[in-house]
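Visitor: I would like a close look at one part of this model, the helices. Please take me through a few of them in some detail.

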Amino acid sequence: MTNQSNLNATELSNEDKMARGSAWLTIGNIGSRLIGIVYILPWYYWLGENAVTANGLFNMSYTVYSIFIMISTAGLPSAIAKQVAYHNSRKEYKTSQKIFERALQLMIVFGVVFAAIMYFAAPALAKGSRGGEDLIPSMRSLSLAILVIPFMSVIRGYFQGIQDVGPYAISQLVEQFVRVIYILGATFVVMKLGSGDYVTAVTQSTLAAFIGAIASVLVLLYYFRKEKVKMDVLAEVSTETVEIDTVHLLLSTVKEAVPFIILGSGITIYKLADQFTFARTMQTFTQYSEKQLVGFLTLFSGNPDKLTMIVIGLATAMASVGLPLITEAFAKNNREELAKLISNHLQLYAFIMVPASLGMALLAYPLNTLVYSPDRLGSNLLIVVCLSGLVLGLFMVTSTMLQGMYENKAAITFFVIGFVVKLLTQTMSIHMLESYGPLLSTVLGMGVTCYLNLRKLHKKTNFNTKFIIKRVSLIVLMTVIMMIFAGVTKAILGIFLSVDRKGQSFVLILIVALVGVAVYLYMGLKTRLADKLLGSKMASLREKLHIK
């Protein structure tokens, strides 16, 4: 009986850790993305008739930049989190400390090297992206951020590994806030007080990544000063039985980081494939101009990202929090706990992502109007991207779980298989569906990878598939009910409010979202599903809301 009680305590502890960690990273991830959306409204207005082209340059620069960030950080944040969690669970605190210190040194070198590579390769990369010479300045301004971000990401990885993600989240918010302030200030000065050159405005907007990264590092260093005292105390009671080989540790961690590079860049690699193939394929059978094709790319890739990455950010937060917990269970060879963690992880993913994705799809048109402008094609593409986000998020979660169990080779192999499917279906999909084509090929490729990931996870842990299907079916039913209430509310409000006006779209979005959240939250608390997936605090919330 005592052992069972201990087991239940551990389960509750892990659920609470998942809930607390996910909450913090959701605040940081989603909050920073919401801040990132807010700037779009005045930014688009100030850029005027060049807004779509400018946004295309901005997004193409960031797609290339994202790849450089993943390579220059060598996937070390997640690898550091994984290694720190592993060695701390074995009370090998000196080993964790050494890994962290050597990783910081390595990242300073990586930052300088890859910043230089991106700066000097900018002309060739701009030409390959079909952005022309206008793309070069923004790529070069982004290269400055690479000097700082590798160093910053290692500190974030350490906090993730010790399951204290508060500083991680706060640094994200500060980084984005400072970045947006600089974007708005610089764009206003250029477009309204200065030359009015939109290329210069985009260049200053991308330079903001460097300014924001500096602010984030300062926040992380502030929190790390406090953590350093605890780190030194733990190192004194460390239980290493062999002498630490620093070089071997660093090489081992970098080796662990390589899968995180590939899989962490997975969504970006897919987008890069779209960026380099969409215009070329379209030019073979259509008469669209280069500017029109950049506009289409912006509509199905750049514009939706600002919105859908908020939802996918939820999956990223869950994956980040779950990684050290899964690695701890794996290190202790606790197969039963591992199976339960994976089961809870998948249920939590469905509980949050299904209603969030479908709810955003329901509000696609007013969202597109609010953030950009009324556009039927853009709104329809946003709906498809919202639905495809369910597959992209599942890829992030399942790939990270495999890596937490040291199944790196399998995770990479499955990603490569899926990417090959993407490439094989890309041209035909674009020929058939034009702007919708790349989205279809992405879902097909990612879908294959997700299936293979889930099959491997089940083989390794034998988690209860029937139970998960039962829970997910309940979640889908709850989501359908939520959508009915939200849809009726939207229809009624649509009689009085125009979805072609920004202010009225905002009011409609706010009311419909509140109705949807209230209905779904009520059902989650009423069925006790929220308690099981979000931890013990849900019970007290239910009491406060007088839900029996």
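Guide: What follows goes through a pair of helices, then a single helix, then one residue. The model is predicted.

Start with the pair. Two packed helices are described by the angle between their axes and the distance between the axes. Helix α16 covers residues 408-433 and helix α17 covers residues 437-461. Their axes come within 7 Å and cross at roughly 155°. Angles over 145 degrees count as roughly antiparallel, so α16 is roughly antiparallel to α17. The crossing of the two is right-handed. On the α16 side, the residues making the contact include A410, F414, I417, V421 and T425. On the α17 side, L440, L444, V448 and L452 are among them. An α-helix has 3.6 residues a turn, so residues three or four places apart point the same way.

Next, the single helix. Helix α11 runs over residues 266-283, which is 18 residues. At 1.5 Å a residue it should span 26 Å, and its end C-alpha atoms are 26 Å apart, so the two values agree. Even so, α11 has a kink of about 35°, centred on T277. Several of its residues are buried, including I267, Y270, F278 and M282. The buried residues of α11 also include K271 and D274.

Last, the one residue. S143 belongs to helix α6, residues 136-143. Its relative accessible area is 2%; buried means under 20%, so S143 is buried. Apart from neighbours within four places in sequence, S143 is in contact with A115, M118 and Y119.

Notes. Residues are numbered from 1 along each chain as its sequence is written. This is a predicted model: local features need pLDDT of at least 70, side-chain atom pairs count only at pLDDT 80 or more; totals for chains, interfaces and linings use all residues. Side-chain values use heavy atoms; hydrogens and water are left out. Helices (H or I, at least four residues) and strands (E, at least two) are DSSP runs, numbered from the N terminus. The expected span of a helix is 1.5 Å times one less than its number of residues. The bend at a residue is the angle between axes fitted to the seven residues ending there and the seven starting there. Buried means under 20% relative accessible area, exposed over 50%, partly exposed in between (1.4 Å probe, protein chains only). Contact means heavy atoms within 4.5 Å. Axes are lines fitted to C-alpha atoms, for helices over the stretch in contact, and angles run from 0 to 180 degrees between N-to-C directions. Angles under 35 degrees count as roughly parallel, over 145 as roughly antiparallel, 65 to 115 as roughly perpendicular and the rest as oblique. A crossing is left-handed if the near helix is turned anticlockwise from the far one by less than a right angle, and right-handed if clockwise.
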